[in-house]
There are 2 protein chains.
Amino acid sequence: MKLYTFWRSTAAYRVRIALNLKGIEREEVFVSLPGGAHRAPDYTALNPQQLLPALELPGGQVLSQSLAIIDWLEAAHPKPALLPADPLERARVLEVAHVVAMDIHPVNNLRVVQHLAKNFGADDDARQAWMQHWMRLGFDAIEPRLAGTRFAFSDTEPGLADICLVPQLYNAHRWGLDMSPWPKIAAIGVACLALPAFADAAPEAQPDAG
Amino acid sequence: MKLYTFWRSTAAYRVRIALNLKGIEREEVFVSLPGGAHRAPDYTALNPQQLLPALELPGGQVLSQSLAIIDWLEAAHPKPALLPADPLERARVLEVAHVVAMDIHPVNNLRVVQHLAKNFGADDDARQAWMQHWMRLGFDAIEPRLAGTRFAFSDTEPGLADICLVPQLYNAHRWGLDMSPWPKIAAIGVACLALPAFADAAPEAQPDAG
């Protein structure tokens with residue numbers, strides 16, 4: 001299996017955590033976003049959308065979209081499970097995962113912020129305010145859904161909500177957001193990063209970190 | 001079951017289609033976005049995120065996030081299936097669903113466009129250009145993934161990709177996007193809307209359409 005990744009891509013970070021939790025070995029191919037390697041012909045041939053991550057399966061098929069990749073991992077490598085079996089509990093985990101993956105992350109994506117700078121003249125301060133605004137709304141939606149367990153929905157096993165929250169916390173730190181209004185989310189980040197599966201997936205721990 | 005919906009909400013439109021395809025009866029509660037009913041205390045108590053849709057289950061639990069709701073429907077009411085059983089085929093459907101639900105829709109959400117107008121002075125033309133820009137990128141990513149079947153991944157059964165594409169096509173039409181560069185996507189829209197499950201879920205067919 002081959003993972004196309006960039007250390008600072010939060011979507012790639014999610015997949016790195018999922019692969020680590022499931023103990024799946026892979027080769028990693030580093031695609032530099034600031035270097036424009038995602039727009040180069042070889043990567044575009046693999047993923048015409050030019051977004052990270054992509055996962056090349058042993059059969060040569062290439063999957064994109066972090067949560068579609070993780071869904072495939074969950075089906076093909078079910079242990080340990082990243083989602084509960086009970087439909088309602090599963091929906092509760094997906095709700096939180098989707099607040100991050102649909103309500104925060106896409107609006108804060110690199111290409112959106114670049115578009116904002118280019119087309120609306122957003123300077124550094126305006127970009128930071130934009131990033132923080134959507135994170136605040138999302139974290140406000142998530143915090144009351146959490147019971148205060150060690151991980152998002154369990155005291156013993158991290159799952160898909162944690163996989164989405166931890167990279168988002170990295171981005172929150174990167175953009176200078178004070179997390180004190182959301183103590184349960186912040187505590188989950190600390191608990192997760194004490195586990196090698198999360199710590200080894202962290203941006204700073206990647207060979208391409210710069 | 002009680003669905004909180006607004007005729008023009010494309011996320012609510014997805015859930016209306018899924019409920020119709022599975023033949024699930026529900027009461028509908030209309031929450032006017034232009035009227036600000038999503039920010040009123042009664043709806044905020046149900047869904048503190050103030051977004052549509054929300055589904056109130058017979059046991060009183062309230063689910064939010066359209067794709068989490070549809071995941072619950074798929075688990076609790078498995079027939080007809082909206083996703084293939086094979087993990088790789090399932091990932092292919094999710095990839096397309098997530099391009100719409102993660103790469104296009106969140107960036108084009110009403111609250112993002114309102115924020116753009118308020119904070120960056122985006123006028124009507126700038127808002128239309130913004131909407132069309134993200135739709136173009138998303139449709140460019142989806143069109144080559146489609147084989148030209150009647151529905152997105154089947155000649156006989158629509159599924160989650162169709163459920164995401166059809167409301168996005170409604171939005172494309174609303175914002176004046178010429179669909180001729182993406183004939184496979186456009187044809188899927190026509191095929192789907194020939195089915196009552198889709199046609200009855202369309203914005204114009206809703207009792208609260210104005």
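This briefing describes the relation between two chains, their contact, one sheet and one helix pair. The structure is a predicted model, in which local features need pLDDT of at least 70, side-chain atom pairs count only at pLDDT 80 or more, and totals for chains, interfaces and linings use all residues. Residues are numbered from 1 along each chain as its sequence is written, while chains are lettered from A and ligands numbered from 1 in the order in which they are written.

**Relation of the chains**

- Chain A superposes on chain B by a rotation of 180° with 0.0 Å of shift along its axis, at an RMSD of 0.0 Å, where the fit is by least squares on the C-alpha atoms of residues with pLDDT of at least 70 in both copies.
- The two copies are therefore related as by a two-fold rotation axis.
- Both copies use the same surface, since 100% of the contact residues of chain A recur in chain B.

**Contact between the chains**

- Chain A and chain B each bring 30 residues to the contact, two residues being in contact if their C-beta atoms, placed from the backbone, lie within 7 Å.
- On the side of chain A that touches chain B, at least two residues each come from β4 (62-64), α3 (66-76), α4 (87-104) and α5 (110-120) of chain A; helices (H or I, at least four residues) and strands (E, at least two) are DSSP runs, numbered from the N terminus.
- With 11 residues, α4(A) gives the most to this side.
- By class, this side of chain A holds 21 nonpolar, five polar and four charged residues, with Ala, Val, Leu, Ile, Met, Phe, Trp, Tyr, Cys and Pro counted as nonpolar, Asp, Glu, Lys and Arg as charged, and the others, Gly among them, as polar.

**Sheet of chain B**

- Four strands of chain B form an open sheet in the order β2-β1-β3-β4, with mixed pairing, and two strands pair if DSSP finds at least two bridges between them.
- β2 (27-30) and β4 (62-64) of chain B stand at the edges with a single partner strand each, so one side of each has no neighbour in the sheet.
- Strand β3 (residues 54-56) of chain B runs antiparallel to β4(B) and is joined to it by three bridges; L55(B) has L63(B) as its bridge partner in β4(B).

**Helix pair of chain B**

- V93(B), V96(B), A97(B), V100(B), A101(B) and I104(B) in α4(B) meet L160(B), A161(B), C164(B), L165(B) and Q168(B) in α7(B).
- The residues of this contact of α4(B) with α7(B) comprise 10 nonpolar, one polar and no charged.
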